Amino acid sequence: MPINAEYRGPAELPEVIPVFPLAGALLLPRGQMPLNIFEPRYLAMVDDAFRDGHRLIGMIQPDVTHSHNEDKPALFRIGCVGRITQLAESGDGRYILELTGVARFKVVEELSVLTAYRQCKVDFFSFAADFVARKGEEDVDREALLAVLTDFLKANNLKVDWAGIEAAPNEALVNALAMMSPYGPAEKQAMLEAPDLKTRAEILIAVTEMDLAKKRTSGDPPLQ
């Protein structure tokens, strides 16, 4: 999804952003994430995002292993901010929207706020490279990535648009496969925090190979 706002660096993003804690959700720079918003606090968050003009929402995973409050779980320290690039009203009180990833952020502190949704002071400067599209593409082992994707598809009786995959640049391919991968919060967080595209691809390959090996050993049925 094309994005109207051009963010050339960390200084062009606000220091305080609303955050949407969602386990297993992985947003990456220039990736697209569909969201179905129905809770009143997050409906208000979307309304406020448009009202302040930024249209930005920070996606972040709850860190359940370090949480003592189920209603307000601890957060991982790294997330990714996205801009609302599509919005539709469902007619039954929901928003159907799409976020386009802009850049990762580090949580500096969570703020005490009056809004029902959570807000954090964040730092984007640790991820200045996120603002450079397709950075590090030449270091990705595309052949290894496609090989493990082929094995995964065969093991799970799945089909994909191979023409689209072959045409996709390395950044788009790696990030799309990472975001769509069926792995858990820990694996998703590792891919989010990868220092570069090459490392993210290597993590995705390693996790997929371990998953395939486990299925072969245990005889687990393929994904449905």
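## Notebook: pockets, a cavity and a few residues

I started with the second largest pocket of this predicted model: helix 6 gives the largest share of its lining, three residues. The space in this second largest pocket comes to about 240 Å³. I looked up which of its 17 lining residues lie closest to the centre, and they are A129, K135, P195, D196 and L197. Helix 4 and helix 6 are the elements that give two or more residues to this lining. Sorted by class, the lining of the second largest pocket holds 10 charged, five nonpolar and two polar residues.

**Entry: the largest pocket**

Next I turned to the largest pocket, with a volume of about 440 Å³. It has 21 lining residues, and L149, V160, A176, L177 and M180 are the closest to its centre. Which elements give two or more residues to this lining? I found helix 2 (142-155), helix 3 (162-167), helix 4 and helix 6. I also noted the classes for the largest pocket: 17 nonpolar residues, three polar and one charged. For my own comparison I put the two pockets in a table.

| Pocket | Volume | Nonpolar | Polar | Charged |
|---|---|---|---|---|
| Largest | about 440 Å³ | 17 | three | one |
| Second largest | about 240 Å³ | five | two | 10 |

**Entry: L173 in helix 4**

Helix 4 had come up for both pockets, so to speak, and I picked one of its residues, L173. Is L173 buried or exposed? At 5% relative accessibility, L173 counts as buried, because the cut-off for that word is under 20%. I then listed its contacts, leaving aside neighbours within four places in sequence: R142, L145, L146, I165 and A168. For L145 I also took the C-alpha separation from L173, which is 9.3 Å, with the two positions 28 residues apart along the chain counted as their spacing.

**Entry: helix 5**

I went on to helix 5, residues 185-193, and asked which of its residues are buried. They are K188, Q189, M191 and L192. Looking down the axis of helix 5, I see these buried residues fall within an arc of 160°, so they line one face of the helix. What do they pack against? I noted two strands and two helices by name: strand 4 (78-89), strand 5 (95-110), helix 4 (170-180) and helix 6 (197-218).

**Entry: the cavity**

Then I checked for closed space. How many cavities of 30 Å³ or more does the structure hold? The structure holds one, and the volume of the largest cavity is about 40 Å³. Its lining is made up of A25, L26, L27, M59, I60, Q61, I78, G79, C80, Q189 and L192. Strand 3, strand 4 and helix 5 are the elements that give two or more residues to this lining, and strand 4 has the largest share, with three. By class I wrote down eight nonpolar, three polar and no charged residues for the lining of the largest cavity. Q189 and L192 belong to this lining, and both are also among the buried residues of helix 5.

**Entry: cysteines**

C80 in the cavity lining sent me to the sulfurs. How many disulfides are there? The count comes to zero. The closest cysteine sulfur to that of C80 is in C120, 14 Å away, and this is too far for a bond, because a disulfide needs the sulfur atoms within 2.5 Å. C120 is therefore in no disulfide either, with the sulfur of C80 as its nearest at 14 Å. I looked up burial for the pair as well: C80 is buried with a relative accessible area of 1%, and C120 is buried with a relative accessible area of 0%.

**Entry: positive phi**

Last, I looked at backbone angles. R55 has a phi near 60°, a positive value in a residue other than glycine. Where is R55? I found R55 in the loop between helix 1 (40-51) and strand 3 (56-60). Its relative accessibility is 21%, so R55 counts as partly exposed.

R134 also went into the notebook, with a positive phi of about 65° although it is not a glycine. R134 sits in the loop between strand 6 (118-123) and helix 2. At 47% relative accessibility, R134 counts as partly exposed.

Methods
Residues numbered from 1 in each chain as written. Predicted model: local features only at pLDDT ≥ 70, side-chain atom pairs only at ≥ 80, totals over all residues. Heavy atoms only, no water. Buried < 20%, exposed > 50% of the residue type's maximum accessible area, 1.4 Å probe, protein only. Helix = DSSP H or I, 4+ residues; strand = E, 2+ residues; numbered from the N terminus. Arc of directions from axis to C-beta. Contact = heavy atoms within 4.5 Å. 1 Å grid on protein atoms, 1.4 Å probe; cavity = no way out; pocket = protein on both sides within 12 Å on 5 of 7 lines; lining within 4 Å. Points joined across faces, edges and corners; volume = space filled by probe spheres on them. Nonpolar A, V, L, I, M, F, W, Y, C, P; charged D, E, K, R; others polar.
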